[in-house]
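Trainee: I am new to this structure and would be grateful for a close look at a single part of it. Please explain how the chains are related and how they meet.

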Number of protein chains: 4
Amino acid sequence: MHETSVRVRYAETDKAGVVYHGRYLEWFEIGRTELLRSRGLAYSTFEKEYGLFLTVAEALLKFHKPAYYDDVILIETRIAEIRRVRFRLEHVLRRRETGETLCTGHIQLACITPDGRPVPLPEALLRRLEKEEHPEGKNA
Amino acid sequence: MHETSVRVRYAETDKAGVVYHGRYLEWFEIGRTELLRSRGLAYSTFEKEYGLFLTVAEALLKFHKPAYYDDVILIETRIAEIRRVRFRLEHVLRRRETGETLCTGHIQLACITPDGRPVPLPEALLRRLEKEEHPEGKNA
Amino acid sequence: MHETSVRVRYAETDKAGVVYHGRYLEWFEIGRTELLRSRGLAYSTFEKEYGLFLTVAEALLKFHKPAYYDDVILIETRIAEIRRVRFRLEHVLRRRETGETLCTGHIQLACITPDGRPVPLPEALLRRLEKEEHPEGKNA
Amino acid sequence: MHETSVRVRYAETDKAGVVYHGRYLEWFEIGRTELLRSRGLAYSTFEKEYGLFLTVAEALLKFHKPAYYDDVILIETRIAEIRRVRFRLEHVLRRRETGETLCTGHIQLACITPDGRPVPLPEALLRRLEKEEHPEGKNA
């Protein structure tokens, strides 16, 4: 499980006084970007070096409690499933101050070429994704 | 089934050359707003007159093909389920020019007070939601 | 002067109950896109055919009155100045229902290559921009 | 002068491969929020305690170089002018890695009541804004 955080911008709120639901997907994005970075892979480098994209194939969001302006949001990201051309990440978002769960959900990502054709996840990516499931020394 | 359309803004694209997945939720919003308006209920009026909000409790998005800048997107909205305090809308988004399905998904909306307490869907809303399922003259 | 309109999305509002100031730049974008389209040039085609971009070099926004959720906003766009590698558009945004001026401002656009080098505005673009200032039959 | 930073989200880029110009206003927002926080005033608290809003009356942005995905952007914020009901902040945004200036501009903020009437900047805000101009020990 990887954790990072983000502070709610005024721009992210709506007239109901809470964060607009569509903006949570930007926080999911931050979650997976920082998970990959923590494992040694900057996604910006991935696109440049491999000439491939990770595209969102599916997103599920369940909203439990509202996020408010200036809250610090803890973004937990967990690799839930790895398949040949796609993988699924699960997210739990909490308000740092109270620990309340605000939003849970998942993102299914597929690896594609610039013209949109699915391709197997490259080895360098797989290695980083699988790290968690086979931590060093696990079987020692 | 209700249909409306929206033209893709440059602002809605990302560096992969396609629409950012988070922006589709704004199009789902347009779909439900225009469905309600076509049934005689402006959501802006709903908030003012009833002092209630419809909050997104769950969102599911499946991305089939990318949407491109300046595409006209057809937004189909269908009322899928009505319960006491919530209802579910299903969406199909297509590229107008080709008819291709770009995105499908659903939104679960709950009726809440300004302080976030769930309340039964008010009669005026229910009447509009149920219209489709019991069209006038259906059983005549 | 060209006019188009846009309806305010819930997503565009913020917790102050009005449209977030940053979102007006998307409406300026709609204004210039529709001005060009009305003169026979889809900006999407421009990028594809010429391999060039129009990049925003400067933006000025003056906010006079707030825009509210579900308002229809009239976007007036006027070509204010044309130079060798850039041109300036002026905008006036009004609330359709009341006619009130909500926002005025300008955008300076520069023509650049994909690697960011400024280039003279191509003839096909110039012809469309100059139309207004030299309407057919003006000197007749 | 106050400095904070933000990392560019994928969501903030557009199909030209650079950050969409409208998103810079969210970074200006971060700049002023963090400037106020560093002087002991959380803007979220300001709205709650005083029942007032700081609304953007004018924004000017000059774009010098593009910001790219995953760049760390340094946001410099300087209080440029303080008047009775409004004040002006100046911003310089740089790419951390290279030091290049990407964007400069200013924001004029006015203090208003919830119904939009301008009011003098409250004392608690003024005290924080004026700090910089009269640093402790300046006349020592």
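Mentor: In this predicted model, a turn of 180° with a shift of 0.0 Å along the axis lays chain B on chain A, with an RMSD of 0.0 Å. The two copies are thus related as by a two-fold rotation axis. Within chain B, the C-alpha nearest that axis belongs to L60(B), at 2.3 Å from it. The surfaces used by this pair also correspond: 100% of the interface residues of chain B are interface residues in chain A as well, so the copies meet through the same surface.

Let us now turn to chains C and D. Here 16 residues of chain D are in contact with 16 residues of chain C. On the side of chain D that touches chain C, two elements, α1 (24-38) and β2 (53-63), each supply at least two residues. Of the elements of chain D, β2(D) gives the most to this side, with nine residues. As for their character, the residues on the side of chain D that touches chain C comprise ten nonpolar, three polar and three charged.

The strand β2(D) deserves a further look, for it also takes part in pairing between the chains. Strand β2 of chain C, residues 53-63, is joined to β2(D) by five bridges, and the two strands run antiparallel. One of the residue pairs can be named: L61(C) has A59(D), in β2(D), as its bridge partner. Thus β2(D) both supplies nine residues to the side of chain D that touches chain C and is bridged to β2 of chain C.

Notes: Residues numbered from 1 in each chain as written. Chains lettered and ligands numbered in written order. Predicted model: local features only at pLDDT ≥ 70, side-chain atom pairs only at ≥ 80, totals over all residues. Least-squares fit on C-alpha atoms with pLDDT ≥ 70 in both. Contact = placed C-beta atoms within 7 Å. Helix = DSSP H or I, 4+ residues; strand = E, 2+ residues; numbered from the N terminus. Nonpolar A, V, L, I, M, F, W, Y, C, P; charged D, E, K, R; others polar. Pairing = 2+ DSSP bridges.
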